[in-house]
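Work through the following exercises with the sequence and the coordinates at hand, and try each task before reading its solution.

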Amino acid sequence: MTDPLSPTSPPASSSPAAHRKKSEDLRSHRWYGAKDLRSFGHRSRTAQMGLSRDDYLGKPVIAILNTWSDMNSCHTHFRQRAEEVKRGVWQAGGFPVEIPAMSLGEAFQKPTTMLYRNLLAMEAEELLRSYPADGCVLMGGCDKTTPGLVMGALAMNLPTIFVPAGPMLRGDYKGQFLGSGSDTWKYWAELRAGNITERDWQDVEDGIARSPGTCMTMGTASTMTSAAEVLGLTLPGASSIPAADSRHAMMATHTGRRIVDMVWEDLKPLDFLTPASFDNAVTAVLGLGGSTNAIVHLIAMARRAGVALDLARFDELARSTPVIANLRPGGKYLMEDFFYAGGLRAFLREMGDLIDGSQRTCNGRTLAENIEDARTYNADVIRPRAEALLESGGLAVLHGNLAPAGAVIKPAAMEAHLRRHTGPAVVFRNYDDLAARIDDPALPVTKDSVIVLQSAGPQGAPGMPEWGQLPIPQKLLKEGVRDMVRISDARMSGTSYGACVLHVTPESHVGGPLALVRDGDLVTLDVDARRIDMQVSDEEIARRRAEWQKPIPKFSRGYGVMFLKHVQQADTGCDFDFLAPDYRENAGEAPTEGEPEIH
């Protein structure tokens, strides 16, 4: 295969012509092809848009769910990319319809885009259900848009391809490359320590984000688009292409062409997503040194596909998976370098037998076929397994009396001397308390303290924001401290680093043990033993629990009330309980058969 992005038809053995759909089998035929009054209305309103029957009748209708927005800087190029997807759809004989979907702009949306991931998933599902879509192209990339769109599309299970936004170009500061997030935290710490000036800080601000696209570190965006590619939901190689590269536009057009063929072949995500597919995605995330956020998102996505992925599987695979991508925040390079070094296809080939190449993908071929001609062009960016950055442990799942249902940490991004550490807790009740007191010179904190943040989980914050890289107190920064143990029920940006224990479950807001920690309690982190514990007796914990009072809900109306009532905990993906496949049975309702007849 000379062009991995080319939407070549799969081998004849996998898609015989006899199995191809006919025009009258198309889902959109119910809207456009019937000879009744409703179809008259659909056709006349399509004519209202200047389109004739020749443009759409008997052709696959391709819904392009576009998350472009002026409030999503990562997706500023999606207006043009949507046109390039449409070009491919037209070329292949389909009928493209662009439909805007909720845009989750990580940099601007408060308190967190994670609060709205499930809302996007619901919107994507209902857009595809209620409109005459035969197949769909999902356009996302900024952190929560990838899992949100995929979760919704899996629920509908139409032929689907994902178009990743692609990473932005490398940042620039005084001749040095800057990485999103990672260098933000680094230089912010230096500014607070008094080591750089406000003018230096402004130069970082002006140079760190200089093109369309997502964070160019291996943050949550590139972690999740890479996972989507490994799952087979993108054309091979799509996730690595920088947003500003002309090959990104070519990929969009190739995607538009391929989705039309997928409709005729009736190739749907649940036809090829398997437990092994998700194992591949987890393994790839680990080998990339990817974001801890992938745990929450992949569990939610897997459950939508009927796959029982859990924290134990992440930890099991982490123990045997080397980190071979030398990418920030755990490594040296950026996503642009990764692309030039061979991109995800080369990485997957380097992973060898750790990846199950027999899994099918959206282009009708297997993962092994899609990477068979991949090559690595810079062995310091994509390391051979024998020269891995870490032999294992890209992520670690912790348990203990502080996290009975689990917590996570990223050992690759922490100072090694903190892998086993015991220190006294310095507790902050919520984020406002943290902001008010963290830099107080009188705060009783040392480099050996363990900083604890409560009320930052799915219900507590609400929405489980990326507050988990808790700031180091200013007085310690001035002493040269750059890492210390920090614990919360929050998430952490994939661009962040440090000895941060995250996703503590159950969260403090629902009475999890994190709510019971007090100043001065000794807390022990042991990464190798996979433990996180407070050195407090069971009797004292029980006494504190009896005194604990449930906080007042953060919302009194609207979507927020629904979120608080139905969101699940981090260990099960933070999806809504009523969107779980077995919800109706558990609620005592009989499941409905088939798809509702909607016109």
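**Exercise 1. Describe how α9 packs against α13: what are the handedness of the crossing, the angle and the distance between the axes?**

Solution. In this predicted model, α9 and α13 form a right-handed crossing, and their axes lie 10 Å apart at an angle of about 35°. The next step is to list the residues in contact, which on the α9 side are Thr220, Thr223, Met224 and Ala227, and on the α13 side Asn293, Ala294, His297, Leu298 and Met301. Sorting these residues by class gives 5 nonpolar and 4 polar residues, with no charged residue in the contact of α9 with α13.

**Exercise 2. Carry out the corresponding analysis for α9 and α16, and state how α9 is oriented relative to α16.**

Solution. Begin with the geometry: the axes of α9, residues 220-230, and α16, residues 343-351, come within 11 Å and cross at roughly 65°. Angles of 65 to 115 degrees count as roughly perpendicular, and α9 is therefore roughly perpendicular to α16. The handedness comes next, and α9 passes α16 in a right-handed crossing. Finally, the contact draws on Ser226, Glu229 and Val230 of α9, which meet Leu344, Arg345 and Leu348 of α16; by class, the contact of α9 with α16 comprises 3 nonpolar, 1 polar and 2 charged residues.

**Exercise 3. Determine which residues of α8 are buried, which are exposed on the other side, and what covers the buried ones.**

Solution. Within helix α8, residues 198-207, the buried residues are Asp200, Trp201, Val204 and Gly207. Viewed down the axis of α8, these buried residues fall within an arc of 135°, so they line one face of the helix. The other side of α8 carries the exposed residues Glu198, Arg199, Glu205 and Asp206. The cover over the buried residues of α8 includes β5 (171-173), β6 (176-178) and α7 (182-192).

The packing of α7 on α8 can then be treated as a helix pair, with an angle of about 170° and axes 10 Å apart. Since angles over 145 degrees count as roughly antiparallel, α7 is roughly antiparallel to α8. Thr184, Tyr187, Trp188 and Leu191 of α7 make this contact with Glu198, Trp201 and Val204 of α8, and the residues of the contact of α7 with α8 divide into 5 nonpolar, 1 polar and 1 charged.

**Exercise 4. Identify the buried residues of α14 and the elements against which they pack.**

Solution. Helix α14, residues 311-318, has Leu311, Phe314, Asp315, Leu317 and Ala318 as its buried residues. Seen down the axis of α14, they fall within an arc of 165°, so the buried residues line one face of the helix. Their packing partners are the helices α12 (275-287) and α13 (293-304), together with the strands β7 (396-400) and β8 (403-409).

**Exercise 5. For Ala403, establish the element in which it is found, whether it is buried or exposed, and which residues it is in contact with beyond its neighbours within four places in sequence.**

Solution. Ala403 is found in strand β8. Its relative accessibility is 0%, and Ala403 therefore counts as buried. When neighbours within four places in sequence are left aside, the contacts of Ala403 are with Leu398, Val504, Thr505 and Ile532. As a check on long-range geometry, Ala403 and Met139 are 264 residues apart in sequence, and their C-alpha atoms are 36 Å apart in space.

**Exercise 6. Inspect the backbone torsions: where are Pro462 and Pro506, and what is phi of Asn157 and of Arg530?**

Solution. Start with omega, which is about 0° for the cis peptide bond that joins Ala461 and Pro462; Pro462 lies in the loop between β10 (450-453) and α19 (474-477). The peptide bond from Thr505 to Pro506 is likewise cis, with omega near 0°, and Pro506 lies in the loop between β12 (500-505) and β13 (522-526).

Turning to phi, Asn157 has a value near 60°, which is positive in a residue other than glycine. Asn157 is found in the loop between α6 (145-156) and β4 (160-164), and it is buried, with a relative accessible area of 17%. Arg530, also a residue other than glycine, has a positive phi near 60°; its place is in the loop between β13 and β14 (531-534), and Arg530 is buried with a relative accessible area of 11%.

Notes
Residues numbered from 1 in each chain as written. Predicted model: local features only at pLDDT ≥ 70, side-chain atom pairs only at ≥ 80, totals over all residues. Heavy atoms only, no water. Axes fitted to C-alpha atoms, helices over the stretch in contact; angles between N-to-C directions. Helix = DSSP H or I, 4+ residues; strand = E, 2+ residues; numbered from the N terminus. Parallel < 35°, antiparallel > 145°, perpendicular 65-115°, else oblique. Left-handed = near helix turned anticlockwise from the far one by under 90°. Contact = heavy atoms within 4.5 Å. Nonpolar A, V, L, I, M, F, W, Y, C, P; charged D, E, K, R; others polar. Buried < 20%, exposed > 50% of the residue type's maximum accessible area, 1.4 Å probe, protein only. Arc of directions from axis to C-beta.
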